[in-house]
Every structure is written in structure tokens, then in C-alpha cells.
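Student: Got a few minutes to go through this one with me? I'd like to work from the surface inwards.

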Amino acid sequence: MTADTDTPVTSDLPQSLADVVTDFAETDSSDRLQLLLELASDLPELPPRYSDHPELLEQVPECQSPIFLVTEVEDPEQGDEAIVRLHFSAPPEAPTTRGFAGILYEGLNGQTAEVVLSIPADLPLRLSMTELVSPLRLRGMSGMLSRIQRQTSERIGKITE
Amino acid sequence: MSTAIPADTTAKFADYADGSRLVSTEWVAEHAGEPGLVIVESDEDVLLYETGHIPGAVKVDWHTELNDTVTRDYVDGEGFAALMSAKGISREDTIVFYGDKSNWWAAYALWVFSLFGHEDVRLMDGGRSKWQAEERELSTEKPRREPTEYPVIDRDDSTLRAFLPEVRDSLGKRPLIDVRSPEEYSGERTHMPAYPEEGALRGGHIPTAASVPWAKAANEDGTFKSAEELKAIYTDEAGLGTADEVIAYCRIGERSSHTWFVLQHLLGYTNVRNYDGSWTEWGNVVGVPIVTGSEAGEVPSR
């Protein structure tokens with residue numbers, strides 16, 4: 001883990017996520033919240049197959065605001081090579097949580113299961129935001145990531161219930 | 001309060017001990033922009049202000065701006081003066097706070113400002129959600145206020161704030177109010193339902209503390225209940241009676257700021273202190289007495 005003022009490590013991240021981490025690091029700290037807000041605004045709406053069936057989504061209780069997510073894997077028989085799709089539901093009155101979901105969407109949606117499972121758990125600490133948001137919120141993002149990884153493992157059969 | 005900005009004459013407010021501490025959304029819509037009045041938004045969610053705020057309102061973030069970055073404490077007099085100057089707030093200004101979550105964080109900011117003796121601080125009844133529910137104007141434009149020469153005022157921690165040793169010495173002598181949820185009070189859990197764990201090693205409450213969850217003071221729409229209802233809840237049911245000293249606490253001091261505001265300004269208890277160390281301190285300290293279950297419990301014998 002590097003301090004906010006240093007360049008965070010990105011060599012073990014997929015390019016899409018490395019770009020987000022670098023964007024935050026290179027953005028003036030006073031503008032970082034604006035960047036997070038843009039990611040919150042870019043988070044797509046749930047497709048009807050999920051908005052009509054909220055029971056298919058899993059809640060992330062580590063977040064201070066209600067957020068639900070579901071991970072889809074296309075052709076799970078391809079295992080590590082299968083493509084992962086992410087869907088989130090977070091209310092507009094919780095923009096920070098939406099922003100964190102937006103980061104994961106931007107960085108991980110459409111990646112392979114192998115890439116998703118390789119994301120290090122300290123990702124939230126590399127976003128240069130430890131001084132802007134409380135540690136609890138960053139822990140909420142960890143909660144989202146760990147659920148995405150667990151669901152991905154389940155879908156490709158790495159975890160059997 | 002001696003100020004050029006008039007009080008809100010809404011009938012409901014007149015029944016409170018100091019109704020001039022509250023303003024309505026209508027009042028804010030009418031008076032926003034007047035010289036000498038600053039609207040301050042203070043939220044739990046650090047991004048909410050950026051999504052749109054009352055036109056002209058400035059943001060004060062409890063986490064990054066009111067707290068010292070190293071010690072677990074609030075900023076000092078110099079830090080507060082620098083913050084006020086940067087926000088364009090003068091010592092004489094009337095400040096109206098509002099925020100999310102029924103004004104928890106707004107009340108918290110108001111309380112911290114009160115530690116520095118900023119005189120004319122008020123809350124907008126119902127907070128951000130009421131303003132939004134009434135479909136009033138929101139703006140994403142950040143106001144540019146001229147920096148001010150705010151004086152360096154030492155924080156007064158002796159009047160409105162309680163520390164652990166004082167709380168311990170209070171057991172059996174003065175009433176304590178625990179404003180957390182019933183599950184936190186009983187010790188079934190150490191954090192709010194649906195909130196992440198915030199690190200207390202033990203669950204339960206401070207012996208003798210009465211349980212009055214903060215939300216009892218609020219209506220569905222986030223506004224404060226009437227003076228009569230508040231008296232029934234605190235003065236009668238919680239047994240505060242005519243106590244001349246009360247200490248309120250919660251988990252980190254935010255919900256208890258809401259209750260502090262009710263007791264101090266709306267009900268007129270003269271000596272109300274917020275124990276901001278709250279459960280994240282008490283629930284981790286070696287050797288302090290704790291009671292579990294729904295009964296207040298006895299003063300431990302020494």
C-alpha cells in the first residue's frame with residue numbers, strides 16, 4: 001500500500017482498472033470526488049430481468065447504504081476464460097456507494113473470470129481516496145469486490161455448494 | 001440570539017424552548033442568499049452535496065474537515081478558523097445546517113461549531129430529504145465566497161462535551177441517554193443494523209443509561225416532533241424530569257448530536273453534554289462497567 005501522494009501500484013491490475021486507479025492518482029485531490037461522481041452517474045441501470053426480480057441480487061451489508069449486485073458469467077464452461085458481466089443496484093441518494101460500484105463496473109465488466117479473480121483485496125486502498133472518504137466506505141467496496149469474486153468462482157464451478 | 005437574520009416564526013417552533021434554532025424549508029427558500037446568512041450542508045455521504053444542493057450552500061464534511069487527521073479529536077482553534085475562512089464564513093454569520101439522514105450529520109456539525117462558540121447556528125427542520133421531497137431547487141454550482149478573517153477561538157470542551165472519566169464519574173449521579181438502536185443497547189450487536197462493523201470489542205450499554213433511540217425525536221419526514229411529544233419522550237418516559245445535567249452518547253457521537261440538539265435547544269435542558277467517544281470508546285476500554293440486555297442496570301459497586 002502506498003500513500004496518497006505516491007503513485008499506486010497498478011502492475012497486477014487489468015488495464016481497465018489500472019486506468020481508473022491512475023486517473024484517481026493523477027487527479028487533483030479536490031477534484032477526485034467529481035471523478036467519483038462521474039463514475040456514479042455512468043453506472044448503468046439494471047436490466048429488466050433483474051429490476052423485476054430484485055431477489056436475484058445479493059446485498060452487500062458492508063456498505064453503509066443499500067447496494068445489491070449480481071455477477072453473470074457467459075459460457076461458464078469456459079472456466080477462467082469465461083466473460084464476467086456485473087449488475088448493480090444502488091440508490092441515487094447514496095452516490096459514494098454508486099461511485100464505488102461504478103469503479104468496479106468500469107474496471108471489471110467484460111473481463112474474464114481469471115482477471116476478476118486475480119484482483120487484489122487492497123484495491124480500494126489504491127484509489128487515492130483514503131483521505132476523502134472514511135475507512136468504512138472503503139471497506140464497503142471491499143465487500144462488493146469479495147462478493148463479485150465469490151459469485152464468479154461459484155458460476156465457473158470453482159466453488160461447489 | 002442577537003443577529004440581523006430574523007427567526008422563523010413558524011407556529012410549531014414557538015413551542016420549543018429555543019425555537020429560533022430551527023428554520024423551515026420555506027424559510028430557507030425565502031432567505032437563502034441574504035448577506036449574513038450561510039447555508040451549510042453536512043452529510044454522511046461525501047458525494048451527496050456534489051449531486052446537487054440548496055443554491056448557494058457550502059459543504060462542510062464531518063470526516064475530512066471537522067476532525068483532526070492524526071489524533072482522534074476535532075480540529076483546534078486555528079484549524080477551525082482556517083476552515084471557516086476558506087468557506088467564507090464570518091464569526092457573526094447566521095449558519096443554517098441541513099443534511100441527509102434526518103440531519104444527523106448536520107446536527108453533528110452544528111454541535112462542533114458550538115464547541116467553538118459560533119453563536120447563531122440553526123438547523124433546517126426535515127433536512128435534505130424534506131427539501132427534495134418538496135421538489136425545491138437544487139444546484140450543482142459551487143458558490144465562491146470570499147475568504148473571511150475568522151478569529152482563532154479555543155475550543156470549549158468543558159460545557160457541551162463529555163469525556164470518558166466524567167461519564168464514569170456520572171454513574172448514578174446524573175442521567176445518561178443511550179440513543180442507539182435497541183439491539184446495540186442490549187448488546188446483541190455493536191453497530192447499527194445494515195451498517196458495517198465499527199470496531200467495538202464488547203456489546204451493551206453504560207450502566208444506568210436510559211435507551212431512547214434518536215429516531216424517536218423525529219417524524220417520518222425527518223422533522224422534529226412537537227415540543228409536547230418530545231417532553232413526553234424525554235422528560236417523562238426516559239425520566240430526565242428536571243435534571244440539571246444530562247449526557248447523551250451513541251456509537252461515534254453523530255446520532256447523539258441529534259438528541260443533544262433536542263435536549264439542549266428544543267427542550268431547554270441547560271447542561272447537556274455529548275459524549276462523542278461513545279460506544280467505540282466505552283466498548284473498547286479495559287475495565288469499564290457494561291450492562292447487557294434491555295434493562296438500564298445498576299451502578300456498579302467499587
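Student: Which helix gives the most residues to the negative patch?
Tutor: Keep in mind that this is a predicted model. The patch on the surface gathers A:Asp19, A:Asp23, A:Glu26, A:Glu38, A:Asp42 and A:Glu106. Two helices of chain A, α1 (15-26) and α2 (32-42), each supply at least two of its residues. With 3 residues, the one that gives the most is α1(A).

Student: And A:Asp42 from that patch, is it buried or exposed?
Tutor: A:Asp42 sits in helix α2 of chain A. Exposed means over 50% relative accessible area. A:Asp42 comes in at 53%, so we call it exposed.

Student: Let's stay in chain A. How many residues of α4(A) are buried?
Tutor: Helix α4 of chain A runs over residues 95-108 and reaches 19 Å from its first C-alpha to its last, close to the 20 Å expected. Among its buried residues are A:Pro95, A:Arg98, A:Phe100, A:Ile103 and A:Leu108. The helix is largely enclosed by the rest of the structure, because the number buried is 12 of the 14.

Student: How many residues of α4(B) are buried, then?
Tutor: In chain B, helix α4 covers residues 104-115 and reaches 17 Å from its first C-alpha to its last, where 16 Å is expected. Its buried residues include B:Trp104, B:Trp105, B:Tyr108, B:Trp111 and B:Phe113. This helix is also largely enclosed by the rest of the structure, since its buried count is 12 of the 12.

Student: On to charge pairs. How many salt bridges does a search of the whole structure find?
Tutor: The search goes over all chains. One of the pairs is A:Asp122 with A:Arg126, whose side chains meet at 3.0 Å, N to O. Over the whole structure, the total is 29.

Student: In that pair, which relative accessible area does A:Arg126 have?
Tutor: Start with the partner: A:Asp122 is at 26% relative accessibility, so it counts as partly exposed. Buried means under 20%. A:Arg126 falls in the buried class, with a relative accessible area of 8%.

Student: How many residues apart are B:Arg155 and B:Asp73?
Tutor: These two form a salt bridge, with their closest N and O atoms 3.1 Å apart. The pair links distant parts of the chain: B:Arg155 is in the loop between α5 (127-133) and α6 (164-170) of chain B, B:Asp73 is in the loop between β3 (58-59) and α3 (77-87) of chain B, and the number of residues apart is 82.

Student: Is B:Glu254 buried or exposed in its salt bridge with B:Arg255?
Tutor: The side chains of B:Arg255 and B:Glu254 meet at 3.8 Å, N to O. B:Arg255 has a relative accessible area of 1%, so it is buried. B:Glu254, at 0% relative accessibility, also counts as buried.

Student: Which residues do salt bridges with shared partners join into one network?
Tutor: The 3.1 Å pair of B:Arg155 and B:Asp73 belongs here. B:Asp73 is partly exposed, at 22% relative accessible area. The full network is B:Asp73, B:Arg155, B:Asp157, B:Arg161 and B:Asp276.

Student: Now the backbone. What is phi at A:Ser128?
Tutor: Most residues other than glycine have a negative phi. A:Ser128 lies in the loop between α5 and α6 of chain A and is buried, at 3% relative accessible area. Although A:Ser128 is not a glycine, its phi is positive, at about 60 degrees.

Student: And B:Glu135, is it buried or exposed?
Tutor: B:Glu135 has its place in the loop between α5 and α6 of chain B. Its phi is positive too, near 55 degrees, in a residue other than glycine. At 73% relative accessibility, B:Glu135 counts as exposed.

Student: What separates the C-alpha atoms of A:Leu125 and A:Val21?
Tutor: A:Leu125 is in the loop between α5 (113-118) and α6 (135-155) of chain A, and it is partly exposed at 37%. A:Val21 is 104 residues apart from A:Leu125 along the chain, and their C-alpha atoms are separated by 9.9 Å.

Student: Last one: what separates the C-alpha atoms of B:Asp18 and B:Gln264?
Tutor: B:Asp18 lies in the loop between α1 (11-14) and β1 (22-23) of chain B, and at 24% relative accessibility it counts as partly exposed. Along the chain, B:Asp18 and B:Gln264 are 246 residues apart, while the separation of their C-alpha atoms is 8.7 Å.

Definitions and conventions: Residues numbered from 1 in each chain as written. Chains lettered and ligands numbered in written order. Predicted model: local features only at pLDDT ≥ 70, side-chain atom pairs only at ≥ 80, totals over all residues. Heavy atoms only, no water. Patch = residues over 30% accessible without salt bridge, like charges linked within 9 Å, V, L, I, M, F, W, Y side chains within 5 Å. Areas by Shrake-Rupley, 256 points an atom, 1.4 Å probe, with all protein chains shown as cover. Salt bridge = Lys/Arg side-chain N within 4 Å of Asp/Glu carboxyl O. Lys, Arg positive; Asp, Glu negative; His and termini not counted. Charge placed at Lys NZ, Arg CZ, Asp CG, Glu CD. Helix = DSSP H or I, 4+ residues; strand = E, 2+ residues; numbered from the N terminus. Buried < 20%, exposed > 50% of the residue type's maximum accessible area, 1.4 Å probe, protein only. Expected span 1.5 Å × (residues − 1).
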